[in-house]
Amino acid sequence: LETVRSDAARNATGGVWDPYTANEHGEMPVDGHALLRFSAAISPMLALAALNLRALDGDRAPALRLGCDQSPTADNSSLCVRSTEPLTPGHAYAIELRAGRACHPLQGAVSSPSSVEVQGLAPFFLPFLQRLPPPPAQAYRELKPRFHRYDLWMRHGLAPLAGDEGSESEEGEAHLLEALRTSVSLSPPLHFDLSRPSRGVLRVEAAFEPGARYTLRVDAAR
């Protein structure tokens, strides 16, 4: 698996979204396309027929079809596929290349199976962006405040409030941050300000005490 592409996720986060950050498997949003790289030339339709999408928990999995507007007749060394239905959020899947299938009319059959893993939309997560590349998920919990300003990565951005759809005005942004602030709290209590430098980043600013430990809590929407 070379990468997963999603125009919707990148647009919703101002280009910050990445399929692998804090994910065990490559995340495939609803519009996601998985780009698979082969060691030799393949015929797209033959290679597609050799693939199978399997849910790792044994549940039903949708079929695969060509993605990325890939030509079904032009030989290539890569194959872009997407699922015919959205993957179940938080569930992992294997894209399997089955043995005994040929991926090109001038080549023999695949001798042994191989697979790569992807997953549906990942759950909400707010990791810090103070260090790049981001550390493992458990390492985020070990961070102590060292600055008065912290940037947090919003994996899928934020949906606009009802009535503000399609609007990127300052007023719409103010409404969104005001609504978000009611769901965010610091413990021990501390006054803080919220802003969004980009659609995929939430900035928290407060007079954090050096050496102190704080908990940032985000309550679920009601």
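Two strands count as paired if DSSP finds at least two bridges between them. In this predicted model, an open sheet of four strands follows the order 1-3-6-5, and its pairing is antiparallel. Strand 1 (3-5) and strand 5 (64-66) stand at the edges of the sheet with a single partner strand each, so one side of each has no neighbour there. Direction ignored, neighbouring strands of this sheet are turned against each other by 40 degrees on average.

At one of these edges, strand 1 is joined to strand 3 (residues 33-42) by three bridges, and the two run antiparallel. Within this part of the sheet, T3 stands opposite L35 of strand 3. In general terms, the strands of a sheet pair through backbone hydrogen bonds, either parallel or antiparallel.

The cysteines add a second theme. A search of the whole structure finds one disulfide, which is formed by C68 and C80 with their sulfur atoms 1.9 Å apart. The link of C68 and C80 is right-handed, with 40 degrees about the S-S bond. It ties together distant parts of the chain, since C68 lies in the loop between strand 5 and strand 6 (76-83), whereas C80 lies in strand 6 itself, twelve residues apart.

The accessibility of three cysteines is set out below.

| Cysteine | Relative accessible area | Class |
|---|---|---|
| C68 | 28% | partly exposed |
| C80 | 2% | buried |
| C103 | 5% | buried |

Because buried means under 20% relative accessible area, C80 at 2% falls in that class, and C103 at 5% also counts as buried, while C68 at 28% is partly exposed.

How values were computed. Residues are numbered from 1 along each chain as its sequence is written. This is a predicted model: local features need pLDDT of at least 70, side-chain atom pairs count only at pLDDT 80 or more; totals for chains, interfaces and linings use all residues. Side-chain values use heavy atoms; hydrogens and water are left out. Axes are lines fitted to C-alpha atoms, for helices over the stretch in contact, and angles run from 0 to 180 degrees between N-to-C directions. A disulfide is a pair of cysteine sulfur atoms within 2.5 Å. Buried means under 20% relative accessible area, exposed over 50%, partly exposed in between (1.4 Å probe, protein chains only).
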